[in-house]
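The exercises below ask you to read a protein model step by step. Work through each task before you turn to its solution.

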Amino acid sequence: MKVLVAVKRVIDYNVKVRVKADNSDVDLANVKMALNPFCEIAIEEAVRLKEAGTASEVVVVSIGSKSCEEQIRTALALGADRGVRIDTEDGPDSLSVSKLLAKVVEKEAPGMVILGKQAIDSDNNQTGQMLGALLDRPQGTFASEVKVDGDKVQVTREVDGGLQTVELAMPAIVTTDLRLNEPRYASLPNIMKAKRKPLEVISPDDLGVTVSSNLSLLRVDPPAERQAGIMVGSVDELVEKLRNEAKVI
Ligand code: AMP
């Protein structure tokens, strides 16, 4: 079974995000970029399936400009076998990404496609679901456990108030939640080896997809600054303030 993993280049989660002075977007100048954390979990799961002998090949795909080859190489260093970059401008919307991924799935015919549940830059949480709809394939989103059993896969999903286990016929779409696994670090020898692994670049035209967006970003505002707290002298004063100033009790 081949496993296809979709990975996105995003701002590193440790970076404090700045907004451009004209509020037109987030400022990406000189900002450290990284693999989306949920995509790291997706790669880890695919590599574990390969190590267990369940998967035969792990192919990683990213959609964006040349810069996202850095994240494809990271995925190759973590254990993926080969990479594919679909050459677009950065930031195509989820529907365009899903249409491109659907064509890659048709071409590669994987038994499973693993995506992150969401990209931490736009927090869309849409691509896996749209891909499932476009391909008319079953989806197990927010996975905290994945068990392959013949031509079926059982996915335990993190849902409000507990866990839900579903069984999907393969080929299936899985999106990863935080507790699915703990991704490994890439070792130096594997980082070196990854430089020699195949990385194919294809255009949306090669896949017969026109990338267009029905969505435009109007404005970005940083969150409101948090007000400084105050110290109160006693419980009575706290209760008085909560009742008469904050009016919450
Ligand atoms: P989103 O729906 O944008 O929150 O993203 C969910 C998941 O879709 C990500 O974790 C990736 O697995 C995949 N994805 C989104 N954008 C891209 C992209 N440009 N290239 C490859 N995969 C992507």
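**Exercise 1. A span from a record**

How far apart do the end C-alpha atoms of residues 23-211 lie, and what percentages of the span are helix and strand?

Solution. Keep in mind from the start that this is a predicted model. The span itself comes from a record, since UniProt lists residues 23-211 under "domain: Electron transfer flavoprotein alpha/beta-subunit N-terminal", in an unreviewed entry. The C-alpha atoms at the two ends of residues 23-211 are 25 Å apart, and the span is made up of 29% helix and 31% strand.

**Exercise 2. The surroundings of the ligand**

Describe the shell of residues around the ligand, beginning with the closest residues and ending with the elements that supply the shell.

Solution. Begin by counting the residues: 18 of them surround the ligand, and the closest are Ala6, Ala119, Asn125, Gln126 and Thr127. Next, look at the polar atoms that face the oxygen atoms of the ligand. A polar backbone atom of Ala119 is 2.8 Å from an oxygen atom of the ligand, and a polar backbone atom of Gln126 is also found 2.8 Å from a ligand oxygen. With Thr127 it is a polar side-chain atom that takes part, at 2.7 Å from an oxygen atom of the ligand. Taken on its own, the ligand has 480 Å² of accessible area, of which the protein covers 98%. Then ask which elements give two or more residues to this shell: they are strand E4 (57-64), helix H3 (94-108) and strand E6 (112-116). Of the elements, E4 gives the most, with three residues. Finally, sort the shell by residue type, which yields eight nonpolar residues, nine polar ones and one charged residue.

**Exercise 3. Less common backbone geometry**

Find a cis peptide bond and two residues with a positive phi, and state where each of them is placed.

Solution. It helps to recall first that most residues other than glycine have a negative phi, and most peptide bonds are trans. Against this background, the peptide bond from Met170 to Pro171 is cis, with omega near 5°. Pro171 belongs to the loop between strand E9 (162-169) and strand E10 (172-176).

Turn now to phi. Asp123, which is not a glycine, has a positive phi of about 50°, and its place is the loop between E6 and helix H4 (127-135). Asp136 likewise has a positive phi, near 55°, and is found in the loop between H4 and strand E7 (139-149).

To compare their surroundings, use the cut-off that a residue is exposed when its relative accessible area is over 50%. Asp123, with 45%, is therefore partly exposed, whereas Asp136, with 67%, counts as exposed.

**Exercise 4. Salt bridges**

The structure holds 20 salt bridges. Examine three of them, and decide for each partner whether the residue is buried, partly exposed or exposed.

Solution. The general idea is that side chains of opposite charge can pair when their charged atoms come close.

1. Glu51 forms a salt bridge with Arg184, and their closest N and O atoms are 2.8 Å apart. Because Glu51 lies in helix H1 (residues 37-51) and Arg184 in the loop between E10 and helix H5 (188-194), the pair ties together parts that are 133 residues apart in sequence. Glu51 is exposed, at 53% relative accessible area, while Arg184 is partly exposed, at 28%.

2. Lys66 and Glu69 meet through their side chains in a salt bridge of 3.1 Å, N to O. Lys66 is exposed, with a relative accessible area of 56%, but Glu69 is buried, with 15%.

3. Arg82 and Glu108 form a salt bridge between their side chains, at 2.7 Å from N to O. This pair links distant parts of the chain, since Arg82 is in strand E5 (residues 82-87) and Glu108 in helix H3, 26 residues apart. A residue is buried when its relative accessible area is under 20%, so Arg82, at 18%, counts as buried, and Glu108, at 9%, is buried as well.

As a last step, place the third pair in its wider setting: Lys2, Glu57, Arg82 and Glu108 are linked in a network of salt bridges.

Methods:
Residues numbered from 1 in each chain as written. Predicted model: local features only at pLDDT ≥ 70, side-chain atom pairs only at ≥ 80, totals over all residues. Heavy atoms only, no water. Near = heavy atom within 4 Å. Polar contact = N/O pair within 3.5 Å; in protein donor to acceptor, adjacent residues only side chain to side chain. Areas by Shrake-Rupley, 256 points an atom, 1.4 Å probe, with all protein chains shown as cover. Helix = DSSP H or I, 4+ residues; strand = E, 2+ residues; numbered from the N terminus. Nonpolar A, V, L, I, M, F, W, Y, C, P; charged D, E, K, R; others polar. UniProt positions renumbered as here; feature names shortened; annotations may be inferred. Buried < 20%, exposed > 50% of the residue type's maximum accessible area, 1.4 Å probe, protein only. Salt bridge = Lys/Arg side-chain N within 4 Å of Asp/Glu carboxyl O.
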